[in-house]
Amino acid sequence: MSREELERSHAVHLRGVVFLAPGFDLPGGMEGQARRLARTIAAQGVPVTYVTTAPPSIAAPWHEVRGLVNLYRVPVSPHVDWRTTLALFEASALGLIAARRAALDAIYAVPWELGVVAARIGAACDLPVVVKFACGGPLGDLAALARAPDAAAARAALASVDRLVAISAQLEAEARDGLGLPAERIARLPNGVDPQEFKPRPGGGAPERPCVLFVGRLAEQKRVDVLLEAFARLAGRRPELVLRLAGDGPERAALERRALRLGLAGRVEWLGARDDVPALLAEATVLALPSSGEGVPNVVLEAMAAGVPVVATDIPGTRDVVGDGAEGLLVPPGDAQALASVLERVLGDPALRERLGQAGRSRAEGDLDLAHVAAEHVALFEGLLRARAGAGADAHRRAGGSAAFGLTTIGRLALQVGPLGAAGVSAA
């Protein structure tokens with residue numbers, strides 16, 4: 001949908017949208033996408049009530065107003081199991097939403113677990129619900145749902161939502177085949193990036209020192225071990241080349257030992273978790289992402305916006321935004337030799353780097369522009385509101401309502417005692 005079509009489609013005005021998403025203050029990709037989407041929707045004039053989880057390490061108020069974003073942090077205790085934590089989160093969210101129901105038109109939730117919570121609250125408060133799956137495949141939302149102890153009830157809740165947002169072809173297929181959702185209840189909307197935040201290097205050209213950059217969590221899914229193996233194959237032929245790893249995680253110690261065994265001491269920079277990705281990309285010759293599984297990786301979108309060529313694995317999600325030979329180059333997962341060969345090709349060909357970088361930047365300024373993606377979400381919410389206004393709310397109630405996948409005991413209590421009681425339960 002073009003920007004002009006989106007503007008014409010706004011025939012109704014949203015009073016407000018609820019976001020249910022974890023870790024507003026945390027650096028993860030899923031968390032960052034939800035946070036940035038909410039901010040951009042608010043910047044387009046739609047008030048957002050954002051209910052999120054907050055670990056003890058976050059020193060922030062439980063309620064904060066940021067422009068049109070009303071942010072509520074529900075404390076998460078490491079001494080409370082996740083099932084109870086979700087129930088307390090549901091109680092808090094339900095109380096807040098029930099108190100503001102007259103000023104709200106839709107609930108948006110990510111990932112699947114908070115989608116289940118949103119489905120129950122939506123049924124109780126008669127609000128349309130939009131759920132986004134964050135990741136597909138063996139490490140994704142649907143796979144985690146299948147392992148849940150209450151999988152049948154959770155599946156019924158998710159199958160009831162008004163729309164499921166699929167950010168990739170893989171997730172679209174999983175929503176259709178795994179949840180049985182018809183095509184008209186699946187919205188194919190991408191993750192977005194702000195091209196104004198990630199500018200190409202002034203004047204183009206390469207940085208002073210050739211650099212392969214990785215940004216992400218140092219976890220098994222990211223397969224940084226494969227990147228180290230590939231870099232070791234390049235290091236002897238390119239003594240000036242450096243590998244910069246921005247991120248932290250459970251695999252860091254093992255990866256550092258592997259780098260030493262590969263003779264890469266002094267050639268790999270372990271940067272730790274960083275929040276200055278635009279600056280890191282400005283000094284990168286190429287971005288490498290050797291993951292075995294992704295949703296749609298934020299860092300790939302950011303590299304494209306920065307005009308940095310991308311070398312990544314040919315996996316669902318990534319291939320949806322990076323065309324092989326167009327915005328980047330794709331290699332088979334787990335193949336260190338292929339990764340090394342493609343990296344060497346990009347490092348040695350300035351014209352190829354420029355072409356890939358320009359194509360990525362053009363895509364980031366087009367359908368992946370966060371402002372455009374946010375406007376598409378607003379149009380989705382408005383479409384649900386129009387449908388309810390036209391057909392009557394009763395026609396849009398989920399089959400069986402809250403009885404089919406009922407509120408938790410704490411959730412029912414929250415609905416009875418109201419928002420102050422619910423907030424008191426969660427903030428104690």
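Start by selecting Ala284: at 2% relative accessibility this residue counts as buried (under 20% relative accessible area with a 1.4 Å probe and protein chains only; over 50% is exposed, and in between is partly exposed). Before going on, note that this is a predicted model, where local features need pLDDT of at least 70, side-chain atom pairs count only at pLDDT 80 or more, and totals for chains, interfaces and linings use all residues. Residues are numbered from 1 along each chain as its sequence is written, and side-chain values use heavy atoms, with hydrogens and water left out.

**Around Ala284.** You're in the loop between α10 (277-282) and β12 (286-289); helices (H or I, at least four residues) and strands (E, at least two) are DSSP runs numbered from the N terminus. Show the contacts (heavy atoms within 4.5 Å). Leaving aside neighbours within four places in sequence, Ala284 meets Arg201, Pro207, Cys211, Leu213 and Val308. Then draw a distance to Val242, which is 42 residues away along the chain: the C-alpha atoms are 9.8 Å apart.

**Ile186.** Next, pick Ile186 in strand β8 (residues 186-188). Ile186 is buried too, with a relative accessible area of 12%. Not counting residues up to four places away in sequence, Ile186 touches Arg163, Leu164, Ala166, Glu172, Ala175, Arg176 and Leu181. Val165 is 21 residues off along the chain, and its C-alpha sits 6.0 Å from that of Ile186.

**The core.** Which residues have the most contacts inside the largest nonpolar core? Select Leu20 and Tyr50: they hold that place in a core of 132 residues. Here a nonpolar core is a set of buried Ala, Val, Leu, Ile, Met, Phe, Trp, Tyr and Cys residues joined through side-chain atoms within 4.5 Å. Stay on Leu20 and light up its contacts beyond four places in sequence, among them Val51, Phe89, Tyr108, Val110 and Leu114.

**A cis bond.** From Val110, step along to Pro111: the peptide bond joining them is cis, with omega about -5°. Pro111 lies in the loop between β5 (106-109) and α4 (112-125).

**Positive phi values.** Now go to Asp126, in the loop between α4 and β6 (129-132). Its phi is near 55°, positive in a residue other than glycine, and Asp126 is buried at 18% relative accessible area. Arg223 also has a positive phi, about 50°, without being a glycine. Find Arg223 in the loop between β9 (211-215) and α8 (224-235), partly exposed at 26%.

**A hairpin.** Select 63-75. Strands β3 (residues 63-66) and β4 (residues 69-75) run antiparallel, joined by four bridges; pairing takes at least two bridges found by DSSP. His63 has Tyr72 as its bridge partner in β4. Two residues lie between the strands, and Gly67 takes a positive phi near 65°.

**The largest cavity.** Finish with Gln33, Leu37, Tyr108, Lys132 and Asn191, which lie nearest the centre of the largest cavity among its 15 lining residues. A cavity is a set of points, on a 1 Å grid over the protein atoms alone, where a 1.4 Å probe fits but cannot get out, and lining residues have an atom within 4 Å of a point. The lining divides into 11 nonpolar residues (Ala, Val, Leu, Ile, Met, Phe, Trp, Tyr, Cys and Pro), one charged (Asp, Glu, Lys and Arg count) and three polar (the others, Gly among them). Colour α2 last: its four residues are the largest share of that lining.

How values were computed:
1 Å grid on protein atoms, 1.4 Å probe; cavity = no way out; pocket = protein on both sides within 12 Å on 5 of 7 lines; lining within 4 Å.
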